[in-house]
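User: Let's go through this model in short questions. Keep the answers brisk.

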Amino acid sequence: MDVRELKYRICMSCGSRCCKRFDYKTWYVQLTLRDIVRIAEGLREPIDEVVRKYVKIINYGTYMILTLKAVDGKCIFLTDKGCSIQNFKPIACRTYPVYIPGTYIDPECPLSRYPELLEEEVKNVEQYIKEFNETRQILENKNPKTPQQIAELARHITKRKLEESL
Ligand code: SF4
Ligand code: SF4
């Protein structure tokens, strides 16, 4: 069984705990602009639509974050069969339970009991940090006000090629 399949099974057996606790105070999934592009490509939907339908913008005055929307505390992409965007889920979901910036591991996550899987996550953390820094810098510089402006910034990432190393 490959790592992805094993993780999927563990997440299903835990009941997708971390996908069901969105309160936007203690818990949410923070998105990068690259996440938005990957979700748009994975769903084959225009970036504008993805931002409009799935992205919640939280403005804290001095800074803003992009997060996934939730319904009744559950991630908008959670289904009875688990994550519906498993192959292109946000980088924060991919690296979980290794949490920013790799210094915290959620001990309640069953995956934390599989060191071989955590090794796999740690490899992604460097990219995770780069993507978050890139998004934070762009949001600070451009200060977008509307979903359309967020979508435009994500499109700009697409033009620079998603694969481009950070
Ligand atoms: S990442 Fe951990 S807490 Fe979240 S669904 Fe998977 S096993 Fe459960
Ligand atoms: S995108 Fe998928 S893995 Fe991430 S919180 Fe939503 S359902 Fe869970």
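User: How many residues of each class, nonpolar, polar and charged, does the shell around ligand 2 have?
Analyst: This is a predicted model: local features need pLDDT of at least 70, side-chain atom pairs count only at pLDDT 80 or more, and totals for chains, interfaces and linings use all residues. Residues are numbered from 1 along each chain as its sequence is written, chains are lettered from A and ligands numbered from 1, both in the order written. Ala, Val, Leu, Ile, Met, Phe, Trp, Tyr, Cys and Pro count as nonpolar, Asp, Glu, Lys and Arg as charged, the others, Gly among them, as polar. The shell of ligand 2 then splits into 10 nonpolar, no polar and one charged.

User: Which residues are around ligand 2?
Analyst: A residue counts as near if its C-beta atom, placed from the backbone, lies within 6 Å of the molecule. For ligand 2 the set is Cys 19, Val 29, Leu 68, Cys 75, Phe 77, Leu 78, Cys 83, Ile 85, Lys 89, Pro 90 and Cys 93.

User: Which residues around ligand 1 are cysteines?
Analyst: The shell of ligand 1 has 10 nonpolar, one polar and one charged residues. Its members include Ile 10, Ser 16, Arg 17 and Tyr 96. The cysteines there are Cys 11, Cys 14, Cys 18, Cys 19 and Cys 109.

User: Within what arc do the buried residues of α3 fall?
Analyst: Buried means 20 or more other C-beta atoms within 10 Å of the residue's own, with C-beta atoms placed from the backbone (exposed: 12 or fewer; partly exposed: in between). Helices (H or I, at least four residues) and strands (E, at least two) are DSSP runs, numbered from the N terminus. In α3, residues 47–54, the buried ones are Ile 47, Val 50, Val 51 and Tyr 54. They line one face of the helix, because the directions from its axis to their C-beta atoms fall within an arc of 105 degrees.

User: Which residues touch the most other members of the largest nonpolar core?
Analyst: Such a core is a set of buried Ala, Val, Leu, Ile, Met, Phe, Trp, Tyr and Cys residues joined through C-beta atoms within 7 Å. The largest has 31 residues, and the ones touching the most other members are Ile 36, Val 50 and Val 55.

User: What radius of gyration does the protein have?
Analyst: The value is taken over C-alpha atoms, and the globule rule is 2.2 Å times the number of residues to the power 0.38. With 166 residues, a compact globule would come out near 15 Å; the protein agrees, at 16 Å.
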